[in-house]
Amino acid sequence: MPAYQRQGVGRLLLEELMKYIRENGVPGTDIFVELCAVPDKIPFYERFGFTYNEAKRLMRMCHVD
């Protein structure tokens, strides 16, 4: 919702998601994270390392140490 944009909520959610994966995933593995977003929001997710495919599904690998 526009009223809640640019307040850091999305950034916080993505940071917490990736932190959770790193802390709870199987050590030594890569976990594939995929999400859907409307096309005009893709640049937001790209700032966090996500790339997108022809179906506009965003994806990122997260390595668990």
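Two strands count as paired when DSSP finds at least two bridges between them. With that in hand, welcome to a short tour of this predicted model.

**Figure 1. The whole chain is built from 2 helices and 3 strands.** Starting at the N terminus, the elements follow the order α-β-α-β-β. Taken along the principal axes, the C-alpha atoms fill a box of roughly 40 × 30 × 15 Å. Of the 65 residues in the protein chain, 22% are buried. Look also at how the chain meets itself: among contacts between residues at least 6 apart in sequence, 56% join residues at least 24 apart.

**Figure 2. Three strands make an open sheet in the order E1-E3-E2.** The pairing in this sheet is antiparallel. As general background, strands of a sheet pair through backbone hydrogen bonds, in either a parallel or an antiparallel way. Which strands stand at the edges? They are strand E1 (30-36) and strand E2 (51-52); each has a single partner strand, so one side of each is left without a neighbour in the sheet.

**Figure 3. A closer look at E1 beside E3 shows antiparallel pairing over 7 bridges.** Strand E3 covers residues 57-63. To follow the pairing by eye, begin at Ile31, which stands opposite Cys62 in E3. Then find Phe32, whose opposite residue in E3 is Met61. In general, the side chains of a regular strand alternate between the two faces of the sheet. Helix H1 belongs in this view too: H1 lies across E1 and E3, and runs at about 40 degrees to E3.

**Figure 4. E2 and E3 pair in the antiparallel sense over 2 bridges.** A handy place to look is Tyr52, which has Leu58 in E3 as its bridge partner.

**Figure 5. Four aromatic residues, Phe44, Tyr45, Phe48 and Phe50, are linked by ring pairs into a cluster.** In general, a pair of aromatic rings is described by the distance of the centres and the angle of the planes. Ring centres must lie within 6.5 Å for a pair, and planes over 60 degrees apart count as edge-to-face. By this rule the count is 3 aromatic pairs. One of them joins Phe44 and Tyr45: the centres are 5.0 Å apart and the planes stand at 85 degrees, so this pair is edge-to-face. Tyr45 and Phe50 form another edge-to-face pair, at 6.2 Å centre to centre and with 80 degrees between the planes. Are Tyr45 and Phe50 buried or exposed? Both are buried. Phe44, at 22% relative accessibility, counts as partly exposed, because buried means under 20% and exposed means over 50%.

**Figure 6. Arg11, in helix H1, reaches two members of the aromatic cluster.** Leaving aside residues up to four places away in sequence, Arg11 touches Phe44 and Phe48. Its relative accessible area is 40%, so Arg11 is partly exposed. For a sense of scale, compare Arg11 with Glu54: the two are 43 residues apart in sequence, and their C-alpha atoms are 24 Å apart in space.

**Figure 7. The largest pocket holds about 560 Å³ of space.** Its lining is made of 20 residues. Which of them lie nearest the centre of the pocket? They are Gln5, Arg6, Gly10, Lys41 and Phe44. Two elements, H1 and helix H2 (42-46), each give two or more residues to the lining. H1 gives the most, with 4 residues. You have met Phe44 already, as a member of the aromatic cluster.

**Figure 8. Arg6 has a positive phi of about 65 degrees, although it is not a glycine.** In general, most residues other than glycine have a negative phi. Where is Arg6 placed? Arg6 lies in the segment before helix H1 (9-24). Its relative accessibility is 82%, so Arg6 counts as exposed.

**Figure 9. Pro39 sits in the loop between E1 and H2.** With a relative accessibility of 55%, Pro39 counts as exposed. Pro39 and Arg57 are 18 residues apart in sequence, while their C-alpha atoms are 9.5 Å apart in space.

Key: Residues are numbered from 1 along each chain as its sequence is written. This is a predicted model: local features need pLDDT of at least 70, side-chain atom pairs count only at pLDDT 80 or more; totals for chains, interfaces and linings use all residues. Side-chain values use heavy atoms; hydrogens and water are left out. Rings of Phe, Tyr and Trp (its six-membered ring) pair if their centres lie within 6.5 Å; planes under 30 degrees apart count as stacked, over 60 as edge-to-face and the rest as tilted. Buried means under 20% relative accessible area, exposed over 50%, partly exposed in between (1.4 Å probe, protein chains only). Contact means heavy atoms within 4.5 Å. Axes are lines fitted to C-alpha atoms, for helices over the stretch in contact, and angles run from 0 to 180 degrees between N-to-C directions. On a 1 Å grid over the protein atoms alone, a cavity is a set of points where a 1.4 Å probe fits but cannot get out, and a pocket is an open set with protein on both sides within 12 Å along at least five of seven lines; lining residues have an atom within 4 Å of a point. Grid points are joined across faces, edges and corners, and a volume is the space filled by probe spheres set on the points.
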